[in-house]
Amino acid sequence: MAQEHQTPPDVPTAQIDTGVATPARMYDYYLGGKDNFAADREAAEKVLRNMPQVRAFARANRAFLGRAVRELAARGISQFLDIGIGLPGPGGTVESALAAQPAAHVVGVDNDPIVLAHARARPADDKAGAVTIVRGDLRDPAAILADPQVRAVLDFDRPIAVLLIAILHFVNEDADPRGIIRTLMDAVVPGSFLAVTHVTGDFDPARLEVSAQAYEQSTASLTVRSAKEVGAFFEGLELLDPGVVLLPHWRPEGPVQADADSIWMYGAVGRKD
Ligand SMILES: C[S@@+](CC[C@H](N)C(=O)[O-])C[C@H]1O[C@@H](n2cnc3c(N)ncnc32)[C@H](O)[C@@H]1O
């Protein structure tokens, strides 16, 4: 599964600090991608030695993302604000949204320069402006909402799906994650949605603590949360069935995978009424 990194020819790597692991590149490594460096692989291998099932977490997370986007598209959503969009890859938001809703517009926000570098390297066609990637930090939601590119692409008078997929566990309590979500959801009209996935320590706190230590050598620390804490992110929203559940149990489109209960990540989707 280990991959040699090959820098895309037109990615301005000078902006990218390859010496410190980043969550985007570690996640890319879990998924078997090529956009990772030695520091990312070293930190990711530490996590994998402690929790080999993390690769399955990453795949289940991408599968949840696809199901959630398809569900939202079926409910008429064509605008997606995906904060922490990560590196492009199979089953990502862009691919899922455009497959489910060809008229979709996706705005991806990320604070890792490699994500922006990839967006610049990507051919400009991407279905006539359907995808816009901007640099931003979830911990400053007001700046994201005020970003001229975000305002130009998304129509805030129509419903928007806010996607916070595998990002909130990189936001610690001091950064006030519930306040961040309130700011984002106050900015969108009724009929909008919030989708969240999140790593939990509910099933093996000691093991999660060891994984969190590996993330200390990356650019973001890991904060695990309980089902109740993840549920609190949806305060004031109507949770879609089945509520906050381990990812494979959220609206499966076929038989639930056998290792579903060892995927220690919650997922949920809520609607603003
Ligand atoms: C585990 S990856 C998930 C990528 C994608 N959402 C998915 O689920 O396939 C987490 C992403 O969140 C980004 N991220 C972490 N903290 C962030 C922050 N404070 N603001 C913006 N992006 C952040 C990382 O750079 C990375 O791309």
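In the predicted model, a polar side-chain atom of D110 lies 2.6 Å from an oxygen atom of the ligand. The side chain of R62 also takes part, with an N or O atom 2.9 Å from an oxygen atom of the ligand. At I165 the contact is made by the backbone: one of its polar atoms is 2.9 Å from a nitrogen atom of the ligand. Taken alone, the ligand exposes 590 Å², and the protein buries 97% of this area.

The shell around the ligand is made up of 18 residues, and the closest of these are N61, R62, G84, D110 and I165. By residue class, the shell holds eight nonpolar, five polar and five charged residues. Two elements, α1 (residues 23-30) and α3 (residues 54-74), each give two or more residues to the shell.

Helix α10 was examined next. This helix spans residues 205-215, and its buried residues are L208, S211, A212, A214 and Y215; a residue counts as buried when its relative accessible area is under 20%. Viewed down the axis of α10, the buried residues fall within an arc of 150°, and they therefore line one face of the helix. In an α-helix there are 3.6 residues a turn, so residues three or four places apart point the same way.

The cover over the buried residues of α10 includes two helices, α1 and α2 (residues 38-50), together with strand β5 (residues 193-199). Helix α1 thus appears in both parts of this description: α1 gives residues to the shell around the ligand, and α1 is among the elements that cover the buried residues of α10.

Technical notes
Residues numbered from 1 in each chain as written. Predicted model: local features only at pLDDT ≥ 70, side-chain atom pairs only at ≥ 80, totals over all residues. Heavy atoms only, no water. Near = heavy atom within 4 Å. Polar contact = N/O pair within 3.5 Å; in protein donor to acceptor, adjacent residues only side chain to side chain. Areas by Shrake-Rupley, 256 points an atom, 1.4 Å probe, with all protein chains shown as cover. Helix = DSSP H or I, 4+ residues; strand = E, 2+ residues; numbered from the N terminus. Nonpolar A, V, L, I, M, F, W, Y, C, P; charged D, E, K, R; others polar. Buried < 20%, exposed > 50% of the residue type's maximum accessible area, 1.4 Å probe, protein only. Arc of directions from axis to C-beta. Contact = heavy atoms within 4.5 Å.
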